[in-house]
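The following exercises concern helix packing and nonpolar cores. Each task is followed by a solution in steps.

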Amino acid sequence: MPAPTPGNAAEPPLETGPNATPAFSPLYQQIKGLILQRLQAGEWKPGELIPSEIELAARFRVSQGTVRKAVDELAGENLLVRRQGKGTFVATHTEQHVRYRFLKLVPDDGDVDREGPAQRSFLECKRTRANAEIARALGLRGGDAVMQVRRVLSFAADGGAQTPTILEDLWLPGGPFKGLTAERMAGFRGPTYALFETEFGVRMVRAEEKIRAVLPDTEQAAILQVAPATPLLSVERVAYTYNDTPMELRRGLYRTDTHHYRNDLS
């Protein structure tokens, strides 16, 4: 029997509800939506090999070319990773090449490896109630439980003294992150998003940021060891998991006397 083509393929039954893919979208977009649903459901976990294009084409009753186009888009969005001769894998924050995907502050000489990983100091980690602003950003109701974390990231170049460079406040939905503690975060050796992924089953897939220049208040200046008149970079980020579900609100103050914010546009 000849392989089905986009023109004659029997379209797979699409799920209904808020996750459903619109019936009028191109066929490869529908397949992309179905793959996303399986990723969200945890059928293929971060770091795992997904079925081959041939297997997916048979499963969804479409051509291999249609599957390839859907997978190409997911790879372009850093949700899947192609490995030559090995197959396609679910992207994970534990991999070296994606560890700095969401960290855009780099040393002025551009050598992240020479600087080494950040030293993290946790000033606060507590369970609290979301005010209206936090609830709106995280898609919660006012008063819902959230985890609130405050930490300082310090860097040292060439074995020199650690310099406090980033002050961050994080708010996370209380349900998915139940059991999160400062000790647990401090004891994890990898990136924070890898911790969220491996220990809480929450994978951040994209983020939106707002950036502006601000002056610190007295407490912030003392923590970052700068004068109150020192301009800082304020970065507010909302990070999302699958299906555009917000899972983190992060507000960071960045020193830029030895670092700069870098964003590669393509």
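A crossing is called right-handed if the near helix is turned clockwise from the far one by less than a right angle, and left-handed if anticlockwise. The structure shown is a predicted model.

**Exercise 1.** Determine how helix H1 and helix H3 pack, and which residues make the contact.

*Solution.*
1. Helix H1 spans residues 27-40 and helix H3 residues 64-76. Their axes lie 8 Å apart, at an angle of about 60 degrees.
2. Because of this angle, H1 is oblique to H3.
3. The crossing in which H1 passes H3 is right-handed.
4. H1 contributes Leu27, Tyr28, Gln29, Ile31, Lys32, Ile35 and Leu36 to the contact, while H3 contributes Thr66, Val67, Lys69, Ala70, Val71, Glu73 and Leu74.
5. Sorted by character, the residues of this contact comprise nine nonpolar, two polar and three charged.

**Exercise 2.** Identify the residues that touch the most other members of the largest nonpolar core, and state which helices supply this core.

*Solution.*
1. The largest nonpolar core has 20 residues, of which Ile31 and Ile35 touch the most other members.
2. At least two residues of this core come from each of H1, helix H2 (53-60) and H3.
3. H1 provides the largest share, five residues.

**Exercise 3.** List the contacts of isoleucine 35, leaving aside its neighbours within four places in sequence.

*Solution.*
1. With those neighbours within four places left aside, isoleucine 35 is in contact with Trp44, Leu56, Phe60, Ala70, Val71 and Leu74.
2. Another core, of 19 residues, lies apart from the largest one; among its members are Phe122, Leu172, Phe196 and Ala239.

Conventions. Residues numbered from 1 in each chain as written. Predicted model: local features only at pLDDT ≥ 70, side-chain atom pairs only at ≥ 80, totals over all residues. Heavy atoms only, no water. Axes fitted to C-alpha atoms, helices over the stretch in contact; angles between N-to-C directions. Helix = DSSP H or I, 4+ residues; strand = E, 2+ residues; numbered from the N terminus. Parallel < 35°, antiparallel > 145°, perpendicular 65-115°, else oblique. Contact = heavy atoms within 4.5 Å. Nonpolar A, V, L, I, M, F, W, Y, C, P; charged D, E, K, R; others polar. Core = buried A, V, L, I, M, F, W, Y, C linked by side-chain atoms within 4.5 Å. Buried < 20%, exposed > 50% of the residue type's maximum accessible area, 1.4 Å probe, protein only.
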